[in-house]
Amino acid sequence: MKKLLLFSVLLAGLWGCTKSFTGDQPEQTPRATFEYLWEEVRTKYSFMAYKELNWDSVYATYSPLIRPDMSEEALFRVLANMMNELRDGHANLISPFTYSNYYPIFLDRPENYDSRLLLEHYYLRDINKYYITGPFQHTVLDTLGKRFGLISYRSFSNGFSGAELNFVFEKMAGVDGVIFDLRSNGGGAIHNAHTLAGRFTAVERIGYYSRLKNGPGPADFGPELAIRVVPSTSPRKFTGNVVVLTNRGSYSASSMFCLHMRALPNVRLIGDTTGGGLGLPNGGELPNGWTYRFSVSQSLSSETDAGGQRYNWESGVPPHIQVDLDPAQAALGYDSMLERAISYLETGL
Amino acid sequence: MRKISFKSGIHLLLTIGLIGASLSSFAIAPGSKTKKQLTNQSLQLYGGLTFLGFKDELQSPRTYAGMGWSVGAGYDRIKTNRLWSVETQLYMGSANNQLQNNFGGNAAQVFGLQMNIARLWRVKAPIGRLQWYAGYSTQGYTQIRVNQALGNSSLGYDAMVGWGGVSRLEFPFRLKSDKTYRLWIFKYTRKSYRSLRLGWQLELPVVAAHVRTPYVGVTNTVGNEPMAGLVQDLKDNSRLVLAGNYLYLRNQLYGHYLLKNGNALSLQWQWTGYAYNYNDQATRSANGQLLVGLRIKLDPHPEQRR
């Protein structure tokens with residue numbers, strides 16, 4: 001009995017060791033939560049220098065708003081507004097009751113997308129050619145004796161199988177060009193972008209370079225990792241002329257897909273500048289249990305400027321041809337952006 | 001100046017006092033078999049509960065705690081003047097941030113693998129029956145944590161391969177355990193003893209190679225060659241670190257009950273602590289395992305080796 005007692009006491013003590021070893025919980029006050037988030041952003045956000053942000057002045061603005069007796073909702077608003085100073089759609093604060101986002105990225109520009117217009121006047125032009133295969137809407141448009149494939153993909157979060165992709169690209173066989181509509185695709189899983197881009201090339205190319213923040217200084221980055229467009233091993237791909245339609249709602253993985261596509265000589269981007277979001281968002285937890293994320297990497301284009309510098313298109317990947325949706329044309333049943341894409345594929349201009 | 005709270009003080013005392021005690025080992029054999037020793041070669045198989053705790057400052061300032069289960073295996077070879085052992089444990093469990101609200105708290109799934117290989121030689125002990133072994137050990141430690149609430153940073157990991165010195169002090173002794181039998185007016189006392197062995201093993205880390213989650217808490221696997229990205233990350237985040245910049249403690253407390261066939265049932269408490277500082281953002285983890293097991297003799301002729 002004594003031995004059992006001794007053993008129990010030792011067990012309890014050893015469990016105490018475990019608790020002592022891993023340390024106490026942090027303070028959960030509004031001040032502690034604010035300071036923690038501010039410091040995390042200061043040391044890890046990857047576009048501090050690119051966006052010329054003065055994070056100390058942001059501290060000076062928001063620190064006086066933190067009060068010990070403020071409600072959780074009031075604290076959330078202050079922290080969310082501070083995060084929005086980053087002007088980054090990947091900067092989000094997540095509490096159990098709501099989450100924050102930076103909306104001006106796409107609200108500052110016309111939407112340039114009308115899904116009903118597209119459905120009514122293009123996809124349903126010939127219902128017998130219209131398919132919804134997995135997350136893809138697709139058809140083949142007959143225009144003045146030429147045939148153009150039209151594919152819409154609304155979210156990179158929506159996965160697809162090889163069989164689904166094979167079916168889509170089987171329908172594109174022999175067409176004179178493909179229009180890949182990426183408008184208002186807010187991003188999702190980046191591996192879907194790699195897979196999809198591989199269906200538009202026969203040659204491996206570097207799509208972009210990715211580098212991760214690796215230290216607290218604004219210029220502390222690890223080595224650049226070349227992200228390649230690898231041709232699909234499936235024979236069902238399309239390596240002819242391709243147009244990718246974009247708007248400001250084409251964000252995150254959509255923008256990375258556009259970087260890939262810009263690296264292919266057979267592809268042109270038409271529409272509005274994408275929303276950007278080329279930084280990989282991390283995730284972390286605050287002292288009070290809320291979570292957050294913000295960009296911690298940079299994606300640099302494979303294209304270079306006259307000085308040999310790679311472009312950082314965090315604020316948006318530019319199109320080769322800028323065009324907006326014309327409301328007057330839309331009222332007549334024409335998607336002016338799509339029509340411009342058809343015109344390019346017909347004339348090469 | 002920061003005051004040490006009562007709670008912290010208790011934990012500190014427990015840490016100092018019980019690290020030594022926890023490094024002890026007991027071996028209890030029935031008195032009638034005091035001369036029978038454990039086989040010179042043995043295989044141990046065990047399983048049981050594990051108590052987890054960790055704090056990964058790259059991802060959160062909060063301490064996570066929880067429970068799970070573990071399994072393990074070991075091999076011992078003991079000769080007159082030297083001792084060789086290999087032990088490995090696999091554990092998994094769930095830990096949460098200890099912060100419950102109406103919406104629930106964040107939780108992580110934890111997977112761990114530990115391996116220790118030690119080789120010790122008997123050296124002359126300074127005191128009487130004290131047996132002193134000294135040698136070296138290789139320590140392997142890996143912990144993988146998956147916390148879905150952290151999105152792209154859901155994966156956190158620490159891995160270490162270390163080398164260091166090992167010192168073990170053992171003190172065998174017997175406790176009187178007489179049994180008295182009565183038959184009417186006759187009284188007979190059978191003299192009996194229980195053999196015990198107290199031991200204290202200290203592993204002193206010297207140098208170790210560490211790798212852990214990248215500084216920003218996310219792995220650069222954004223390419224369509226994720227293995228290349230992962231290999232690059234492992235390369236970029238590997239460090240060779242000298243003692244003082246990391247801590248690895250592994251303690252064992254166990255009791256054996258010898259069976260007639262020479263095998264033994266065991267009850268064991270094992271505690272491992274790991275701490276490593278990376279770019280001023282530390283990780284600390286500890287796990288305690290309560291294990292029941294079977295020690296199987298492998299030596300076919302143990303008596304010939306006495």
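Two strands are said to pair if DSSP finds at least two bridges between them. Strands, like helices, are DSSP runs numbered from the N terminus, with at least two residues (E) for a strand and at least four (H or I) for a helix. The model described here is predicted, so local features need pLDDT of at least 70 and side-chain atom pairs count only at pLDDT 80 or more, while totals for chains, interfaces and linings use all residues. Residues are numbered from 1 along each chain as its sequence is written, and chains are lettered from A and ligands numbered from 1 in the order in which they are written.

A good place to begin is a pair of neighbouring strands. In chain A, strand β3 (residues 136-143) runs antiparallel to β4(A), with 8 bridges between them. Q137(A) faces S152(A) of β4(A) across this pairing. The two strands form a hairpin with 2 residues between them, and L144(A) in the turn has a positive phi of about 50°. β4(A) also pairs with strand β5 (residues 177-181) of chain A, here in the parallel sense and over 5 bridges; L150(A) stands opposite I179(A) in β5(A). Together with helix α7 (residues 162-171), β4(A) and β5(A) make a right-handed β-α-β unit; right-handed here describes a path from the first strand over the helix to the second that runs clockwise when the strands point away from the viewer.

A residue is called buried if 20 or more other C-beta atoms, placed from the backbone, lie within 10 Å of its own. Strand β4 (residues 146-153) of chain A is largely enclosed by the rest of the structure, because 6 of its 8 residues are buried. Across the 349 residues of chain A, 45% are buried.

I179(A) returns in the largest nonpolar core, a set of buried Ala, Val, Leu, Ile, Met, Phe, Trp, Tyr and Cys residues joined through C-beta atoms within 7 Å. This core has 52 residues, and those touching the most other members are I179(A), V244(A), L245(A), F257(A) and A341(A). Helix α9 (residues 253-262) of chain A supplies its largest share, 6 residues. Another core, of 28 residues, lies apart from it and includes L75(A), A91(A), L93(A) and V218(B).

Finally, helix α2 (residues 30-44) of chain A has 15 residues and should span 21 Å at 1.5 Å a residue (the length is 1.5 Å times one less than the number of residues); its end C-alpha atoms are 21 Å apart, which agrees. Among its buried residues are F34(A), Y36(A) and L37(A).

Technical notes. A residue is buried if 20 or more other C-beta atoms lie within 10 Å of its own, exposed if 12 or fewer, and partly exposed in between; C-beta atoms are placed from the backbone.
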